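Hi everyone, thanks for making time this morning. I'd like to walk you through one structure and point out some residues along the way. Please have a look at it while I talk.

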Amino acid sequence: MRLRVEFTTEPFDLDEAPAHALAAREVIEGAELDAVDVGPFGNTAEGAADAVLGTVDALLRKSLDAGATRISLQVNVIGEGGH
């Protein structure tokens, strides 16, 4: 099964990326995922279910540890294949 995750971390800072956003970016860009898109107001990535779910766990933990007060995420099944 393949999954797509979309997420944002808060609080927002329009002047510079907060520590929790940088932590989330580091996790998502370092993961073995496909089609990673990191932006100022939302982020998406796709990959095999195990990779996405493991990345979501790390993303939640590291973003919260770095000061996130809210993390919004959505996970969608986008196809079969992978483990």
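Let's begin with Thr8. Setting aside the neighbours within four places in sequence, Thr8 is in contact with Phe41, Gly42, Arg70, Ile71 and Ser72. Thr8 itself sits in strand β1, which covers residues 2-10. Is Thr8 buried or exposed? Thr8 has 17% relative accessibility, and the cut-off for buried is under 20%, so Thr8 counts as buried.

Before going further, a word on what you are looking at. This is a predicted model. The mean pLDDT of the protein is 92, and 96% of the residues reach 70 or more. Where is confidence lowest, and where is it highest? The lowest mean is in β2, at 89, and the highest is in helix α2, residues 49-65, at 97.

Now the overall layout. The protein has two helices and four strands. Going along the sequence, they come in the pattern β-α-β-β-α-β. The radius of gyration is 12 Å, close to the 12 Å that the globule rule gives for 83 residues, so the protein is as compact as a globular protein of that length. Along the principal axes, the C-alpha trace spans about 40 × 20 × 20 Å.

What about contacts along the chain? Of the contacts with a separation of 6 or more, 71% are between residues 24 or more positions apart. Buried residues make up 29% of the 83 residues. As for the surface, the accessible area comes to about 5000 Å², and 50% of that belongs to carbon and sulfur atoms.

Let me come back to one of the partners of Thr8, namely Phe41. Phe41 is in the loop between β2 (34-38) and β3 (43-48). With 54% relative accessibility, Phe41 counts as exposed. So here we have a buried Thr8 in contact with an exposed Phe41. Phe41 also belongs to a nonpolar surface patch of about 390 Å², together with Phe12 and Leu14.

Next, the charged side chains. How many salt bridges are there? The count comes to five, and I'll show you some of them. Arg2 and Asp34 meet in a salt bridge with an N to O distance of 3.0 Å. That pair links distant parts of the chain, with Arg2 in strand β1 and Asp34 in strand β2, 32 residues apart. Both residues are partly exposed: Arg2 has a relative accessible area of 23%, and Asp34 has 38%.

Arg2 has a second partner to show you, Glu46, at 3.7 Å, again N to O. Glu46 lies in strand β3 and Arg2 in strand β1, so this salt bridge ties together parts that are 44 residues apart in sequence. Glu46 is buried, with a relative accessible area of 18%.

For another salt bridge, move over to helix α2. There, the side chains of Arg61 and Asp57 meet at 2.9 Å, N to O. Why are they about one helical turn apart? Because Arg61 and Asp57 are four residues apart in helix α2. Arg61 is exposed, at 53% relative accessible area, while Asp57 is partly exposed, at 37%. Back among the strand residues we just met, salt bridges that share partners join Arg2, Arg4, Asp34 and Glu46 into one network.

While we're on helix α2, have a look at Asp65, which is also found there. Asp65 is exposed, with a relative accessible area of 72%. The C-alpha atoms of Asp65 and Leu53 are separated by 18 Å, and these two residues are 12 apart along the chain.

Finally, two backbone details to find on your screens. One is a cis peptide bond between Glu10 and Pro11, with omega at about 10 degrees. Pro11 is in the loop between β1 and α1 (19-30). The other is Ala35, whose phi is near 50 degrees, a positive value in a residue other than glycine. Ala35 is in strand β2, the element with the lowest mean confidence. At 52% relative accessibility, Ala35 counts as exposed.

That's my tour. Thanks for listening, and I'm happy to go back to any of these residues with you.

Note on methods:
Residues are numbered from 1 along each chain as its sequence is written. This is a predicted model: local features need pLDDT of at least 70, side-chain atom pairs count only at pLDDT 80 or more; totals for chains, interfaces and linings use all residues. Side-chain values use heavy atoms; hydrogens and water are left out. Patches are made of residues with over 30% relative accessible area and no salt bridge: like charges are joined within 9 Å, nonpolar side chains (Val, Leu, Ile, Met, Phe, Trp, Tyr) within 5 Å. Accessible areas come from the Shrake-Rupley method with a 1.4 Å probe; for residues, only the protein chains shown count as cover. A salt bridge is a side-chain nitrogen of Lys or Arg within 4 Å of a carboxyl oxygen of Asp or Glu. Buried means under 20% relative accessible area, exposed over 50%, partly exposed in between (1.4 Å probe, protein chains only). The radius of gyration is taken over C-alpha atoms; the globule rule is 2.2 Å times the number of residues to the power 0.38. Contact means heavy atoms within 4.5 Å. pLDDT is the predictor's confidence in each residue, from 0 to 100.
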